[in-house]
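Hi,

Here is the structure I promised to pass on. Have a look at it first, and then read on for what I found.

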Amino acid sequence: MSHHYLRIFKSYPIEEVKKGLMIAGDLTANCAACNALGIDPYSAATCPECGVTFRFIASRRLESHPSERFKFARRIADKRPDLTLIDLSDYKSATGDKSAKDFFGF
Ligand SMILES: [Zn+2]
C-alpha cells in the first residue's frame, strides 16, 4: 500500500503549542517559547535555554518553498516521530488572533 502525506486539521490549546514548538529555519531552529536560536531540529528534545520539551515543529522555509512541504514532512516523520508538524502560518494567525483578543480584553 502506498503512503502519502495528507494535511489534517486538529485543534490544540495555543499556549501548549507555544510551550513545545520549535520553528525550523534553513539549518537550525528557534524555540517559540523563549526565542533561543541555533537549535538542531533533528536532535534537540528540549530547549537548551528554557528547558521546554519540544512536541511540535513548524518550518519557516515552507512559506517561501511550499513545494518542499512533503519532503520536509517525510524527513520529520523519519527523524523526529516525537514531533507533530504544524503549519507556521496557522500558528502565526492563531497567536496573532490571541494577542489581538488579549489586547482588546475579550
Ligand atoms: Zn526555549
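Start with Met22: leaving aside residues up to four places away in sequence, Met22 touches Ala29, Asn30, Cys31, Ala32, Ile39, Pro41, Phe54 and Ile57. Bear in mind that this is a predicted model. Across in β3, Ile57 stands opposite Met22. Both of these residues also turn up in the largest nonpolar core, which has 16 residues; Leu21, Met22, Ile23 and Ile57 are the ones that touch the most other members. The elements giving two or more residues to this core are β1, β2 and β3, and β1 provides the largest share, with four residues.

What about the two faces of β1, then? Both are covered. Leu21 and Ile23 on one side are buried, and so are Met22 and Ala24 on the other. As a reminder, side chains in a regular strand alternate between the two faces of the sheet.

Now the sheet itself. It is open, has four strands in the order β2-β1-β3-β4, and its pairing is mixed. The edges are taken by β2 (29–31) and β4, each with a single partner strand, so one side of each has no neighbour in the sheet.

Going through the pairings:

- β1 with β2: the sense is antiparallel, over three bridges. A hairpin of four residues makes the connection from β1 to β2, and Ile23 stands opposite Asn30 in β2.
- β1 with β3: residues 21–24 and residues 56–59 pair in the parallel sense, over four bridges. Leu21 has Phe56 in β3 as its bridge partner, while Ala24 has Ser59.
- β3 with β4: these strands run parallel as well, joined by two bridges, with β4 covering residues 84–85. Phe56 has Thr84 in β4 as its bridge partner.

You will notice that Phe56 comes up twice, as the bridge partner of Leu21 and as that of Thr84.

Stepping back to the whole chain, there are four helices and four strands in the protein. Along the sequence they follow the pattern α-β-β-β-α-α-β-α. Of the contacts between residues at least 6 apart in sequence, 46% join residues at least 24 apart. Buried residues account for 19% of the 106 residues.

How does the radius of gyration fit with a compact globule? For 106 residues a compact globule would have a value near 13 Å, and the protein has 14 Å, which agrees. Taken along the principal axes, the box filled by the C-alpha atoms is roughly 50 × 30 × 25 Å.

One last residue to click on is Arg74, which sits in helix α3 (residues 69–79). Is Arg74 buried or exposed? Arg74 has 12 other C-beta atoms within 10 Å, and because the cut-off for exposed is 12 or fewer, Arg74 counts as exposed. If you want a distance to check on screen, try Arg74 to Tyr12: they are 62 residues apart along the chain, and their C-alpha atoms are separated by 22 Å.

That's the lot from me. Shout if anything is unclear.

Cheers

Note on methods
Residues are numbered from 1 along each chain as its sequence is written. This is a predicted model: local features need pLDDT of at least 70, side-chain atom pairs count only at pLDDT 80 or more; totals for chains, interfaces and linings use all residues. Two strands pair if DSSP finds at least two bridges between them. A residue is buried if 20 or more other C-beta atoms lie within 10 Å of its own, exposed if 12 or fewer, and partly exposed in between; C-beta atoms are placed from the backbone. A nonpolar core is a set of buried Ala, Val, Leu, Ile, Met, Phe, Trp, Tyr and Cys residues joined through C-beta atoms within 7 Å. Two residues are in contact if their C-beta atoms, placed from the backbone, lie within 7 Å. The radius of gyration is taken over C-alpha atoms; the globule rule is 2.2 Å times the number of residues to the power 0.38.
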